[in-house]
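Biologist: Could you walk me through this model before I set anything up with it?

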Amino acid sequence: MPPLDHPPILWLDDLYRGLLTEHGRIIFWGGTISTLSLIASGSYLIAVSLGFTIAVILLSFIFGFLYRPPVSLQIRRQEIPIVVEGNEVYYRVEVSNQGSRAVKQVWIEERGLVPELRPNSKGVLVSQILPGQCCSIILSLKCLRRGVYSIDQLQVATALPLGFVKIGRRYNVESHIVVHPESDDCELDSLRQTSDPEVGVINQNRSTTRTSELLGVRPWRNGDQLRDVHWRATARYGKLVSKELAPIRTDSYCLILDLEAKTASDERGIDVMISRTVCFLKYVVPLNAKVSLYWSHQKGFLSRQAFDEGELCQLIEDVVGLESIKRVKFNRWDDSCPMDPPADHMILMLTRIDAQRLDFVNELKPYSKRITIWSNHRKQAEDQWGADEKIEVWK
């Protein structure tokens, strides 16, 4: 378990980063070393050094409250872009001074972060914000793991007059960070093509954006092709007008995720599972496909459905935030889910292969034209379903 996953250590780390400047940290560690040396030796000079350190820190706190930024400051965080785990995300923060006097030497930084989000330890120092002025800065966070995280505390503080301790105010500014899993070499070829046009997979040879059914007309937009022009309407209105064609509905998909994790290896396997699920969902987003997602729970399965591009994007965010559970009960499908899962193509993501899951897969055969299975134990899955024409093992 990493140190920051322990709440007391995370709290101390937040205080250390949010209250002390670089010079203050030197004073702090000097005082710590002096304390240990004093216990070991009892030297008079070390006692004087320790007293000086404590006095500096206390005076910094006392005088710092006199220079604390006023309540007239307003702070706002702009929308945070989606980021991939392991990378830094950069976003803009705006601070406006609604008061009548200038605010000098202001530190702006995030507070109360979870262990998966690590900030720039120095924060950002703004030399001066004049009355009525709006200052824009850029903060960054290192995103260590996929997930959906809430950040709701921004600190505006000053280290004046001594420059050792940052005293300020915290503002509740709620935002969300969506961290996608790192993309792996997900082999989607077997999902993209099929020799049987009746099987519910994506057929690359047919249109996935339009049909011949005309719904109406609309103004010309960049990206429209010449064949999109409705010439009669164009002549009537005196400007380019495009045809509005009915979108095609691709075949339906059903994804079932097994989130049971009993070992560290299972946890890593679930992260790979989430990565491949997101990879697949990103592929079907522009195809206007119907996707049903089920994931295991203690008492059965929870579900989400997506019917258009916007809902698919929300579904990706839901998948990114899924976490493992210790025990899963694979009941009969009819007992576990309130809805029937008929789909042209079902994709099962399994952490392991056992008798309970074997029965579950065999029960799902009547519900779909095609079943694809992904598992950490690929060899075992191939041994079980390699000869079954309806079931394919995802490489």
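Modeller: What follows goes from the overall make-up to the cores, the rings, the salt bridges and some backbone details. This is a predicted model, in which local features need pLDDT of at least 70 and side-chain atom pairs count only at pLDDT 80 or more, whereas totals for chains, interfaces and linings use all residues. Residues are numbered from 1 along each chain as its sequence is written, and side-chain values use heavy atoms, with hydrogens and water left out.

Biologist: How many helices and strands does the protein have?

Modeller: There are 10 helices and 17 strands, where helices (H or I, at least four residues) and strands (E, at least two) are DSSP runs numbered from the N terminus.

Biologist: And what share of the residues is buried?

Modeller: Of the 395 residues, 44% are buried, with buried meaning under 20% relative accessible area, exposed over 50%, and partly exposed in between (1.4 Å probe, protein chains only). The protein exposes about 21,200 Å², of which carbon and sulfur atoms supply 54%; the areas come from the Shrake-Rupley method with a 1.4 Å probe, and for residues only the protein chains shown count as cover. Among contacts (heavy atoms within 4.5 Å) between residues at least 6 apart in sequence, 71% join residues at least 24 apart.

Biologist: Which residues have the most contacts inside the largest nonpolar core?

Modeller: Those are Leu257, Leu281, Val291 and Leu312, in a core of 29 residues; a nonpolar core is a set of buried Ala, Val, Leu, Ile, Met, Phe, Trp, Tyr and Cys residues joined through side-chain atoms within 4.5 Å. At least two residues of this core come from each of β12 (253–257), α6 (264–284), β13 (291–297), α7 (309–320) and β15 (343–350), and α6 gives the most, with seven residues. Apart from this core lies another, of 28 residues, among them Val83, Ile129, Cys143 and Val179.

Biologist: What does Leu281 touch?

Modeller: Leaving aside neighbours within four places in sequence, leucine 281 is in contact with Val291, Leu312, Leu315, Ile316 and Val319.

Biologist: Any nonpolar side chains on the outside, and which ones?

Modeller: Ile54, Leu58, Leu59, Ile62, Phe63, Leu66, Tyr67 and Leu162 form a nonpolar surface patch with about 790 Å² of accessible area together. Patches are made of residues with over 30% relative accessible area and no salt bridge, like charges being joined within 9 Å and nonpolar side chains (Val, Leu, Ile, Met, Phe, Trp, Tyr) within 5 Å. Leucine 66, in helix α3 (residues 44–66), is exposed at 65% relative accessible area. As background, nonpolar side chains in soluble globular proteins tend to be buried together.

Biologist: Changing topic, how many aromatic pairs are there?

Modeller: The count is four, taking rings of Phe, Tyr and Trp (its six-membered ring) as paired if their centres lie within 6.5 Å, with planes under 30 degrees apart stacked, over 60 edge-to-face and the rest tilted. Phenylalanine 28 and tryptophan 29 are edge-to-face, 5.1 Å centre to centre with 75° between the planes, and ring pairs link both with Tyr16 into a cluster. Phenylalanine 28 is partly exposed at 37%, as is tryptophan 29 at 45%. The rings of tyrosine 253 and phenylalanine 280 have centres 5.5 Å apart and planes at 70°, so this pair is edge-to-face. Tyrosine 253 is buried, with a relative accessible area of 2%, and phenylalanine 280 is buried at 2% too.

Biologist: Where do the salt bridges sit, say the one of arginine 111 with aspartate 14?

Modeller: The structure holds 18 salt bridges, each a side-chain nitrogen of Lys or Arg within 4 Å of a carboxyl oxygen of Asp or Glu. Arginine 111 and aspartate 14 meet at 3.1 Å, N to O, and they link the loop between β4 and β5 (117–119) with helix α1 (residues 7–19), 97 residues apart. Arginine 111 is buried at 2% and aspartate 14 at 9%.

Biologist: Which peptide bond is cis?

Modeller: The bond from leucine 160 to proline 161 is cis, with omega near 0°, and proline 161 is in the loop between β8 (147–158) and β9 (167–180). Glutamine 105, in strand β4 (residues 103–110), has a positive phi of about 50° although it is not a glycine. In general, most residues other than glycine have a negative phi, and most peptide bonds are trans.
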